[in-house]
Amino acid sequence: VRFRHDRVQQAVYGRLDPARQRALHLLLARRLAALTGRETAAAAQYLQAVDAVRDREERRGVAGLFREAAAEARLAGNFASAERFLAAALALLNCRETAADKLLFAALEIEQHAALYCLGRLDEADAVYRSIEGRSGAALDLVEAACVQVSSLTNRGRPREAVALGLGLLRQLGLEVPAKIAASEIEQQLD
């Protein structure tokens, strides 16, 4: 069906009940996902019907589409869209049944942390960082998120916390940080 004007299309769409709207978005998303080069359009349609995606494998595939769409949005400087896609992807992977799910979840959370920072939603970014920090087993897994978190703390006038975080990570990575420099000289330089 083609409409001559988008207002007519909006009026027809608005008369559909929410379940029918979701079903149409899901049908369109699945069709677009099957076409090469239509991944972002598919992700946008899946976003409107994300709660209707039940199959585990489809949920994993949609989470991947959301991650790709978030990367494109981030490149365009659209961090709000990137964060929406990342939040939806994380919600789809909430059960994290396989090792691959856990790795993807960790990567998505790091990307969401950066998007929240770029949006200035710093309290939310702090909460995501705590989750990353609590889940992470290796110091190397923390580096990317820690760099963003150090910037976040510094920009909020919390340089002591930023330095403590950075020095703590350096120690975890096996680098020696002299205690006197960490405690006295840095303290003087911050004041």
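How are helix 4 and helix 6 oriented to each other, roughly parallel or roughly antiparallel? Helix 4 and helix 6 are roughly parallel (angles under 35 degrees; over 145 counts as roughly antiparallel, 65 to 115 as roughly perpendicular and the rest as oblique).

This is a predicted model, where local features need pLDDT of at least 70, side-chain atom pairs count only at pLDDT 80 or more, and totals for chains, interfaces and linings use all residues. Residues are numbered from 1 along each chain, and side-chain values use heavy atoms, without hydrogens and water.

**Helix packing**

Helices here are DSSP runs (H or I, at least four residues), numbered from the N terminus. Axes are lines fitted to C-alpha atoms over the stretch in contact, with angles from 0 to 180 degrees between N-to-C directions.

| Pair | Angle | Axis distance |
|---|---|---|
| Helix 4 (residues 56-75) and helix 6 | about 25° | 12 Å |
| Helix 5 (residues 79-92) and helix 6 (residues 99-119) | roughly 150° | within 9 Å |

The angle makes helix 5 roughly antiparallel to helix 6. Helix 5 passes helix 6 in a left-handed crossing (near helix turned anticlockwise from the far one by less than a right angle). Helix 4 also passes helix 6 in a left-handed crossing.

**Surface positions**

L170 sits in helix 9 (residues 159-172). Its relative accessibility is 32%, so L170 counts as partly exposed (between under 20% for buried and over 50% for exposed; 1.4 Å probe, protein chains only). P18 lies in helix 2 (residues 18-33). At 54% relative accessibility, P18 counts as exposed. The C-alpha atoms of P18 and A49 are 9.9 Å apart, with their positions 31 residues apart along the chain.

Methods:
Helix = DSSP H or I, 4+ residues; strand = E, 2+ residues; numbered from the N terminus.
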